[in-house]
Amino acid sequence: MAAPMQKLARIACQCFSRKQQDTVFREQLNNLTSALNSITAKDVNFDPKSVTARSSEREAPVTYVHIWEDDIFTMGIFVVKPGGKLPMHDHPNMYGFCKVIHGSVHLKSYSVDSDQKIPEDVEKKLQLWQKPLVKSVSLFQDQILTTNDDCCFLTPSDGNIHEIQSAGGIAAFLDILAPPYNNNQSRDCHYYKELPVSSILGNKKVGSASIENSQPTTRWFMQVSQPHEYWCDTLDYLGPPIIV
C-alpha cells in the first residue's frame with residue numbers, strides 16, 4: 001500500500017497533468033483535497049524541534065522544506081515561526097492548497113474585482129506609474145486554521161491573493177501549487193500592501209464570515225517589492241520518498 005504522501009503526489013499529478021472536462025476535473029480536485037485532509041505531521045516526519053534546534057540571533061521568519069517540484073506541481077512545507085508570516089502575495093493562474101500539520105495559522109485571502117474604478121481619495125495619492133499596480137479586491141476567507149481543519153485552497157480567480165501568519169507558536173502547513181511559479185509563463189509571485197481608503201464602507205457576507213460595518217467591502221492593494229522582513233531558510237525533507 002502506498003504511503004499517504006506518495007498517494008497524494010500521484011493524485012496531484014493526475015489532477016493537473018492534462019486538460020480535462022470540468023466534471024472530471026472537479027472530481028479529481030475532490031480526490032486531491034480528501035487525500036490532503038488526511039495528511040499529518042507524522043506522514044512527512046515533521047518535528048518542530050528540528051526548527052527550534054537551529055534557532056540563531058537572526059533567524060528567518062519562515063522555513064521551507066522542499067518535497068517535490070516538476071512542471072505540473074510543486075509540494076513543500078512552510079514552517080512559520082512565532083510572529084512570522086508569509087506576506088500578502090498572489091499565485092497568478094495557479095491553484096493552491098494548504099493543510100496545517102502543526103500548530104495553527106491565521107489565513108486571509110482575497111479575490112480580485114476587475115471591474116472596480118480606483119476611488120478618488122486613493123488615486124490622488126498615487127504616482128502615475130503606480131496606478132497600473134493597483135487592484136481592487138474583496139475578502140474571500142478570514143479564519144484560523146488548525147490541524148483539525150480541512151485544507152483550504154485557492155483558484156486562479158478565488159482567494160488568489162493571501163497572507164498566512166502564525167496564530168501563536170510555531171506552525172507548519174503542507175503546500176501544493178499547480179502549476180508551479182514560472183517567470184517565463186506569467187506566473188511570477190507578486191507582493192502587495194493595502195492602501196488606506198475612506199470612501200467605501202459597508203457590510204458584506206463572505207461565505208460563513210460577516211465583515212463588520214467598519215470594514216470596507218472593497219479594498220485596494222498595490223503591488224510592491226518583497227518585504228524586507230520576509231525571507232526563508234530551508235530544511236531537508238525527512239519524509240518518505242516521492243515517485244511520480
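Two strands are said to pair when DSSP finds at least two bridges between them. Keep that in mind as we walk through this chain, which is a predicted model.

Let us begin with the whole. The chain holds four helices and 14 strands. Its C-alpha trace spans about 60 × 50 × 35 Å along the principal axes. How does the radius of gyration compare with that of a compact globule? For 244 residues, such a globule would come out near 18 Å, and the chain has 19 Å, so the two agree. Buried residues account for 48% of the 244 residues. The fold also brings together parts that are distant in sequence: of the contacts between residues at least 6 apart in sequence, 81% join residues at least 24 apart.

The outside can be described in a few numbers too. The accessible surface comes to about 13,100 Å², and carbon and sulfur atoms supply 48% of that area. As for charge, there are 23 positive and 27 negative side chains, and the centres of these two sets lie 1 Å apart.

Now to the strands, where our opening definition comes into use. Strand S5, residues 104-112, pairs with strand S6, residues 134-146, in the antiparallel sense, and nine bridges join them. One place to look is Ser111, whose bridge partner in S6 is Ser138. S6 also has strand S13, residues 219-224, as an antiparallel partner, this time over four bridges. Here Ser136 stands opposite Trp220 of S13, and Val134 has Met222 of S13 as its bridge partner.

From S13 we can step across to another strand. S10 and S13 run antiparallel and are joined by five bridges. Which residue of S13 stands opposite Leu195? It is Trp220, the residue that also stands opposite Ser136. If you follow the bridges, then, you can go from S5 to S6, from S6 to S13, and from S13 to S10. While you trace these strands, one general point helps: in a regular strand the side chains alternate between the two faces of the sheet.

Let us pause in S10, at Tyr191. Is Tyr191 buried or exposed? Its relative accessible area is 11%, and buried means under 20%, so Tyr191 is buried. Setting aside residues up to four places away in sequence, Tyr191 touches Pro87, Met88 and His89, together with Met222, Gln223, Val224, Ser225, Gln226, Pro227 and Tyr230. Met222 is a residue we have already met, as the bridge partner of Val134. By contrast, a C-alpha separation of 18 Å lies between Tyr191 and Gln141, which are 50 residues apart along the chain.

Strand S9, residues 171-178, is our next stop, and Leu177 has its place there. Leu177 counts as buried because its relative accessibility is 6%. Beyond its neighbours within four places in sequence, Leu177 is in contact with Ile72, Phe73 and Thr74, and also with His91, Met94, Tyr95 and Gly96. Met94 is a good example of a distant stretch being brought in: Leu177 and Met94 are 83 residues apart in sequence, yet their C-alpha atoms are 6.7 Å apart in space.

Just past Leu177, a cis peptide bond joins Ala178 and Pro179, with omega at about -10°. Pro179 belongs to the loop between S9 and S10. Ser186 lies in the loop between S9 and S10 as well, and its phi is near 60°, a positive value in a residue other than glycine. Ser186 counts as exposed, because its relative accessibility is 56% and the mark for exposed is over 50%.

Asn45 also has a positive phi, near 55°, although it is not a glycine. Look for Asn45 in the loop between helix H2, residues 22-37, and helix H3, residues 49-52. With a relative accessible area of 45%, Asn45 is partly exposed.

Our last stop is Gly103, in the loop between strand S4, residues 95-102, and S5. At 33% relative accessibility, Gly103 counts as partly exposed. Apart from neighbours within four places in sequence, Gly103 is in contact with Leu145, Thr146, Thr147, Ile170 and Ala171. The C-alpha atoms of Gly103 and Gly169 are separated by 6.8 Å, although these residues are 66 apart along the chain.

Key: Residues numbered from 1 in each chain as written. Predicted model: local features only at pLDDT ≥ 70, side-chain atom pairs only at ≥ 80, totals over all residues. Heavy atoms only, no water. Helix = DSSP H or I, 4+ residues; strand = E, 2+ residues; numbered from the N terminus. Rg over C-alpha atoms; globule rule 2.2 N^0.38 Å. Buried < 20%, exposed > 50% of the residue type's maximum accessible area, 1.4 Å probe, protein only. Contact = heavy atoms within 4.5 Å. Areas by Shrake-Rupley, 256 points an atom, 1.4 Å probe, with all protein chains shown as cover. Lys, Arg positive; Asp, Glu negative; His and termini not counted. Charge placed at Lys NZ, Arg CZ, Asp CG, Glu CD.
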